[in-house]
Amino acid sequence: MGEYSHREIEKKWQDYWQQQGTFRVSNESELPKYYVLDMFPYPSGAGLHVGHPLGYIASDIYSRYKRLKGFNVLHPMGFDSFGLPAEQYAIQTGQHPAVTTEQNITRYIEQLKNLGLSYDWSREVRTSDPNYYKWTQWIFTELFNSWYNHDSDKAESIETLTEKFSKQGNKAINAPHDEDTPAFTAEEWNSWTEEQQYKMTLKYRLTYVADATVNWCPGLGSVLSNDEVKDGVSERGGFPVIQKLMRQWMMRITAYAQRLLDGLDSVEWTDSLKEQQRNWIGRSVGALVKFDIWEGDVKSEDVKSEMGALLTSHILPFTKSSIEVFTTRVDTIYGVTFMVLAPEHELVDIITTAEQRGDIDAYISMTQKKSERDRMSDVKTVSGAFTGAYAINPFDGTKIPVYIADYVLAGYGTGAVMAVPSGDQRDWNFAKHFDLPIIPILDSQKGTETQADSTKEGKYINSGIINGLTFHEANKVLINFLEEKGIGKGKINYRLRDAVFSRQRYWGEPVPVYYKNDSSGQPVPYLLDLNELPLNLPEVDKYLPTENGEPPLGRAQDWAHGSGNGHELSTMPGWAGSSWYWYRYMDPQNQNEFASKEAIGYWRDVDLYIGGTEHATGHLLYSRFWNKFMKDRGYVPEEEPFKKLINQGMIQGRSNFVYRVKGDDYNKPVFVSAGLRSEYEVSALHVDVNIVENDVLDVEKFKATRLDIAGSEATFILEDGKYICGVEVEKMSKSKFNVVNPDDIVAKYGADTLRLYEMFLGPLDQAKPWNTNGIDGTYKFLRKVWRLFYNDLGQWVVKDVPAKPEELRILHKTIKKIEEDIENFSFNTAVSAFMICVNELSSLKCQSKDILKELVVLLSPYAPHISEELWSALGNEEGMVSKAPFPKWELQYVTDSVFEYPIQINGKVRVTLAFPVDKPASEIEAEVLANETVQKWMEGKALKKMVVVPQRIVNVVI
Ligand code: ANZ
């Protein structure tokens with residue numbers, strides 16, 4: 001084969017790799033393992049555009065590189081194939097989501113295979129396959145059968161909990177549990193029926209049912225997680241989202257808050273990604289403080305005892321009627337002038353006085369209409385109502401009024417705050433509005449119109465036992481005091497909430513739970529037996545909720561046996577299947593376990609994970625949570641699943657525009673070329689980038705395709721005979737006509753060109769616009785590589801001749817550079833290095849087989865097809881380039897041999913100058929004479945004599 005024909009070559013090698021199973025890996029190997037994972041895609045109907053493969057190409061280069069370096073590389077691909085778009089499409093068309101999903105996957109695989117990605121396709125997984133989701137359901141059952149022991153700091157089997165209950169009740173148990181969990185003794189526990197005991201354990205399990213305020217999206221008929229909602233609308237579809245209290249399956253991710261934080265220190269992720277997770281988890285160090293309710297003339301005895309009954313039903317025993325607050329600034333306690341409860345706080349109803357009842361009720365009904373998001377973001381409006389009750393500051397005994405206001409959130413801390421107008425802006429606004437006192441806490445605030453500023457420095461004033469102390473001392477002293485007096489304690493709070501796990505949708509994993517009514521007729525959840533898994537998704541007549549508003553599964557026969565008895569009707573969220581998939585790749589066919597111990601023992605964790613930043617607080621947090629859980633239960637060996645993670649930047653679209661002259665006849669539009677548009681009044685219209693080349697519009701194609709704007713009747717005002725389009729960088733999307741399909745690029749230039757070009761566009765992690773204009777250069781580069789092997793006539797020119805020193809120098813420098821660049825994930829600079837190397841070898845007319853053979857191996861991770869072809873043309877009997885050893889660079893060729901010459905002028909060394917060791921003496925003489933420092937020392941005198949002693953010294957005599 002004499003001409004570079006990417007079409008033939010690429011097809012040939014793709015088929016060959018497939019037939020040979022070149023990239024199949026075994027779970028048993030003497031070689032060290034390396035696991036490279038791509039975030040698996042949701043197979044959407046639109047297929048891949050050129051932005052999608054960016055990460056896949058990068059991970060493929062790295063995988064291929066690691067193979068050449070002698071690693072056993074696991075590099076799999078699969079599909080996150082449950083999800084909303086397929087279901088929305090099903091609702092519109094009646095097509096089963098399984099059918100469209102299957103079609104989309106087939107298309108994706110075709111597109112991916114076109115790119116020459118070295119996946120082990122025998123390990124492909126699909127989250128919507130019952131063989132896969134059986135194990136997602138199994139993990140759910142494991143979570144259900146576990147509780148979190150804060151003493152051992154890990155999840156344990158529920159049996160260890162019931163054993164403790166039977167011996168000591170639940171007083172001493174240090175575990176997260178439902179809020180309404182009563183305290184009980186061992187005797188009480190042992191006196192309960194099995195059903196009563198079972199129901200108590202439900203309050204401790206790592207997955208549990210709760211009434212939760214959720215993001216309800218009526219348009220999608222489902223609950224959405226926080227990360228699926230953007231600016232009050234659903235991320236998918238843009239439907240409005242409202243807050244609604246619903247019974248939901250929840251995951252106790254909050255049990256892992258601290259470990260999720262700690263683990264971040266041990267992984268190699270970008271700082272910004274770690275920071276996003278840290279903020280999401282939101283650790284606050286502070287204290288819980290109890291403020292007694294003032295029981296003077298306001299509180300009656302009945303109210304007190306009513307409250308007493310309520311309070312003793314909690315595990316934290318309240319001895320008195322009190323309001324507990326969470327504060328990060330206990331040092332401001334002497335500046336507290338009032339308290340604020342969230343309107344939903346359970347004490348509101350109890351402490352509100354008869355006179356204030358009307359105000360309070362009115363305020364509550366007003367604020368119910370607002371979402372938590374609105375409440376947090378609205379910092380301007382000051383609103384609230386007085387309960388009529390007072391509390392007592394435990395430090396100075398002052399009597400302070402208790403308000404409710406919606407800036408205090410029910411779900412954070414204790415849902416109550418001690419308000420310090422001189423320390424907190426919202427408290428300050430509130431005090432101003434309701435004319436409440438403001439007490440300065442720092443000397444720096446004295447005498448001024450005290451503005452809230454908690455970061456201000458200064459000495460404490462009016463602050464009893466902490467006067468004169470520093471911030472840290474003050475907090476220590478105060479927390480000690482609180483603990484001694486039993487009115488408070490140090491407390492770490494997390495902003496992270498338990499994750500809502502139910503989705504009222506069809507196309508997801510069924511939850512392996514059924515309900516049985518208890519003796520009082522209440523439905524109680526029970527797990528299916530393991531041998532009943534997978535619980536297959538049932539057939540339904542429509543993918544819509546039932547008439548009574550039950551989720552679509554309520555339509556299935558033999559599924560819903562009437563309310564409160566039958567299978568769970570909700571399905572799992574999108575993140576369930578993706579929270580463990582990397583383990584399934586290790587052993588995808590296993591029918592008895594999610595993956596065998598041997599497979600997991602060998603592959604362990606993901607060494608390199610590449611994917612988008614959009615998963616920072618969704619997938620990447622949930623996966624870490626499930627992984628830690630599985631570690632606790634002894635199923636996996638590592639605390640963190642993804643050792644190193646790289647986010648590829650987004651590839652933006654590069655839109656082209658035509659300019660239509662305004663006020664023209666609609667049926668006879670006039671378009672003016674970009675350079676002339678300022679002379680007219682125009683409106684810009686997107687034009688399909690696929691009929692534009694180098695920003696020049698293909699006018700004929702435009703006329704033929706844009707009938708919507710009477711394109712066939714259009715007139716064009718040209719520049720130099722061309723219609724030049726305008727350009728703008730935007731998101732790549734169908735509506736902007738700027739989507740470039742990788743298939744088209746591959747057909748025209750080949751996958752090797754596309755791979756190189758995508759890498760060449762810029763640093764992997766940066767956002768950058770796609771620009772097809774530059775791709776020619778990369779294509780030319782590959783043809784130039786080809787020319788090193790075949791001449792213009794298509795004749796083979798490589799010879800068994802020894803390499804010249806200069807060629808060796810070029811080769812070894814390139815090997816070193818490419819290796820460093822790949823190790824640093826600097827793929828764009830590596831492509832430049834290849835270009836330089838090939839240019840230099842071409843100009844030296846290099847024909848040496850020794851040199852070119854190494855170059856081919858070096859290039860193979862980037863451009864694998866052309867490399868395989870040339871490698872086989874080189875007659876390598878050892879096998880394929882994909883399995884060749886990565887070349888080694890040698891020091892002798894990469895260190896420039898230069899010598900530092902001391903330059904003596906009249907016997908004294910005045911300067912040292914470096915020259916290559918093989919530089920002729922005459923050239924050295926000339927350069928020494930021209931040197932500025934030498935000139936200065938010669939002071940304009942004439943040169944008498946110069947002696948160059950090679951690799952020793954230069955003597956100048958004047
Ligand atoms: C007194 C104080 C004085 C506070 C001061 C701040 C500054 P982070 O850091 O986000 O954890 N707070 C507590 N629970 C709240 C709730 N449910 N809704 C709204 N605000 C709440 O914030 C903790 C601080 O936010 C707490 O410390 C409390 O106000 C308030 F100069 O207490 B602070």
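**Exercise 1. The lining of the largest cavity**

Task: Into which classes do the residues that line the largest cavity of this predicted model divide?

Solution: The lining of the largest cavity divides into three nonpolar, two polar and two charged residues. To assign the names, start from the lining itself, which consists of Arg64, Arg67, Leu68, Ser860, Pro861, Val881 and Ser882. Leu, Pro and Val count as nonpolar and Arg as charged, while Ser falls among the polar residues. The volume of this cavity is about 30 Å³, and the count of cavities of 30 Å³ or more comes to one. The general idea behind such a search is that rolling a probe the size of a water molecule over the atoms shows where empty space is left.

**Exercise 2. The surroundings of the ligand**

Task: Describe which residues and strands surround the ligand, and what polar atoms of the protein lie opposite its oxygen and nitrogen atoms.

Solution: Begin with the shell, in which 19 residues surround the ligand, the closest being Ser284, Thr327, Leu409, Tyr412 and Arg495. By class, the shell divides into eight nonpolar, seven polar and four charged residues. Next, place the shell on the fold: strand E11 (322-327) and strand E15 (416-419) each supply at least two of its residues.

Then go through the pairs of polar atoms one by one. A polar side-chain atom of tyrosine 412 lies 2.5 Å from an oxygen atom of the ligand. A polar backbone atom of leucine 409 is 2.8 Å from a ligand nitrogen atom, and a polar backbone atom of threonine 328 is 3.0 Å from a ligand oxygen atom. Finally, turn to the surface of the ligand, which taken alone exposes 650 Å², of which the protein buries 87%.

**Exercise 3. Two arginines in loops**

Task: For arginine 555 and arginine 497, state where each is found in the chain, and decide whether each is buried or partly exposed.

Solution: Arginine 555 is found in the loop between strand E19 (523-527) and strand E20 (566-567). Its relative accessible area is 16%, and the cut-off for a buried residue is under 20%, so arginine 555 counts as buried. As for its partners, the side chain of arginine 555 makes a polar contact with the side chain of aspartate 541 at 3.3 Å, and a polar atom of that arginine side chain lies 2.9 Å from the backbone oxygen of proline 545.

Arginine 497 is found in the loop between strand E16 (488-494) and strand E17 (499-500). With a relative accessible area of 38%, arginine 497 is partly exposed. The C-alpha atom of arginine 497 is separated by 9.0 Å from that of tyrosine 412, although these two residues are 85 residues apart along the chain; tyrosine 412 is also one of the closest residues to the ligand.

**Exercise 4. A helix enclosed by the structure**

Task: Why can helix H23 (residues 751-760) be described as largely enclosed?

Solution: First take the protein as a whole, in which 53% of the 958 residues count as buried, and which contains 31 helices and 34 strands. Then consider H23, where nine of the ten residues are buried, so the helix is largely enclosed by the rest of the structure. The buried residues of H23 are Ala751, Asp752, Thr753, Leu754, Arg755, Leu756, Tyr757, Glu758 and Met759. The helix is followed by glycine 762, whose phi is positive, near 155°.

**Exercise 5. Backbone geometry in three loops**

Task: Which kind of peptide bond leads from leucine 533 to proline 534, and what are the phi values of aspartate 153 and asparagine 694?

Solution: As background, most residues other than glycine have a negative phi, and most peptide bonds are trans. The peptide bond from leucine 533 to proline 534 is cis, with omega near 0°, and proline 534 lies in the loop between E19 and E20, where arginine 555 is also found.

Aspartate 153, which is not a glycine, has a positive phi of about 55°. This aspartate lies in the loop between strand E3 (146-149) and strand E4 (154-157), and is partly exposed, with a relative accessible area of 38%.

Asparagine 694 likewise has a positive phi, of about 50°, without being a glycine. The loop that holds asparagine 694 runs between strand E26 (692-693) and strand E27 (696-697), and at 44% relative accessibility this asparagine counts as partly exposed.

Terms used: Residues are numbered from 1 along each chain as its sequence is written. This is a predicted model: local features need pLDDT of at least 70, side-chain atom pairs count only at pLDDT 80 or more; totals for chains, interfaces and linings use all residues. Side-chain values use heavy atoms; hydrogens and water are left out. A residue is near a molecule or strand if one of its heavy atoms lies within 4 Å of it. A polar contact is a pair of N or O atoms within 3.5 Å; within protein, one must be able to donate a hydrogen and the other to accept it, and residues adjacent in sequence count only if both atoms are side-chain atoms. Accessible areas come from the Shrake-Rupley method with a 1.4 Å probe; for residues, only the protein chains shown count as cover. Helices (H or I, at least four residues) and strands (E, at least two) are DSSP runs, numbered from the N terminus. On a 1 Å grid over the protein atoms alone, a cavity is a set of points where a 1.4 Å probe fits but cannot get out, and a pocket is an open set with protein on both sides within 12 Å along at least five of seven lines; lining residues have an atom within 4 Å of a point. Grid points are joined across faces, edges and corners, and a volume is the space filled by probe spheres set on the points. Buried means under 20% relative accessible area, exposed over 50%, partly exposed in between (1.4 Å probe, protein chains only).
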